[in-house]
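Reader: I'm new to reading protein structures and would love a slow walk through one small spot. Could you pick a single residue, show me its surroundings, and then zoom out?

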Amino acid sequence: MSDLLWGIDLGGTKIECAVLRGEEVVARHRIPTEASNGYDHILSRIETVVQETSDIVGQKPTRFGIGTPGTLDPQTALMRGANTTALNGRPLLDDLQSRLNLEIRIANDANCFALAEAIMGAGKGHRVVFGVIMGTGVGGGIVVDGKALSGLQGITGEWGHNSLDPQGEPCYCGRVGCVETVLSGPFLERWYSKRTGTQRPLKEIVSAYRSTQDASATALMNHLYESFGRAIASVVNILDPDAILLGGGVGNIDEIYSLGAKAAKSHIFNPNPQINLLPPMLGDSAGVFGAALLFA
């Protein structure tokens, strides 16, 4: 069997394939997803990116991992919770294996992020790693001893859909006040807009906060730190990870590593509370590398 590891990151706008040999990147290739053309077209685009990458590498895969924006339900073998909605309710794994005649493993993109960072990135050398994505949505993945955990229902690490504010905003999942409705970029921007009547992108709000000239920006950021602290402390109390990696646009806010960590400590069940927040190292490569590493 070849020593090459193949991975695909199935995004809403692009599909990327990467081929690794150990931690060496042998090839990377991406094409548009064209998801608006429907489920069958997405399958054909996956087939296309595999074929085109095979031409680049000079050989075909015998198996590959794929990171998806949703979860493969182990009880039904159907996709659910994907923001590429054409995937939901579909037997993606079975259809791809039949179409390509390859062994395939599927994992949520947050799990792939956590796996890549644990093996190749900032979490390397840590036994238990929790990977967080805080961007347009909020997700998480858990890696123990180099293995991404899935769980009985395929929802291990779904930090974003725990209740944080029972009186808060409705979430697309049907619940109210999920972590995602408090800590994701769009909801933070909405929080600011409701209080000021002005719509501003989060980057501008963060800049205004740092200039200390905008009281509403300061209030929002304090709200972010305290909310993040309460939310992440529950993970620490249950999992007690060696490292927590913060990905996504919201995770790029430097102050979370100090002020967010400080807010978390008062909620951690330890007289000497500790939390090890680390910035990721792999950038937007983490998803596709993690998919490849599903067969590591």
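Author: Here's a close look at one threonine, followed by the core and the whole chain.

Keep in mind that this is a predicted model. Our starting point, threonine 181, sits in helix 4, which covers residues 180-183. Is threonine 181 buried or exposed? It counts as buried because its relative accessible area is 6%, and the cut-off for buried is under 20%. Its side chain reaches the backbone oxygen of cysteine 178, at 2.6 Å. If you skip the neighbours within four places in sequence, threonine 181 is also in contact with Glu169, Pro170, Cys171 and Phe187.

Now step out a bit. The largest nonpolar core has 40 residues, and Trp159, Leu183 and Ile232 have the most contacts inside it. Helix 4 is one of the elements that each supply at least two residues of this core, and so are strand 8 (128-134) and helix 5 (185-196). Helix 7 gives the largest share, 11 residues. As for isoleucine 232, leaving out residues up to four places away in sequence, its contacts include Phe130, Trp159 and Ala264. Apart from that core lies another one, of 28 residues, with Leu4 and Leu43 among them.

And the whole chain? You'll find 9 helices and 12 strands there. Buried residues make up 51% of its 296 residues. Its radius of gyration is 20 Å, which agrees with the value near 19 Å for a compact globule with 296 residues. Along its principal axes, the C-alpha trace spans about 55 × 40 × 35 Å.

Methods:
Residues numbered from 1 in each chain as written. Predicted model: local features only at pLDDT ≥ 70, side-chain atom pairs only at ≥ 80, totals over all residues. Heavy atoms only, no water. Helix = DSSP H or I, 4+ residues; strand = E, 2+ residues; numbered from the N terminus. Buried < 20%, exposed > 50% of the residue type's maximum accessible area, 1.4 Å probe, protein only. Polar contact = N/O pair within 3.5 Å; in protein donor to acceptor, adjacent residues only side chain to side chain. Contact = heavy atoms within 4.5 Å. Core = buried A, V, L, I, M, F, W, Y, C linked by side-chain atoms within 4.5 Å. Rg over C-alpha atoms; globule rule 2.2 N^0.38 Å.
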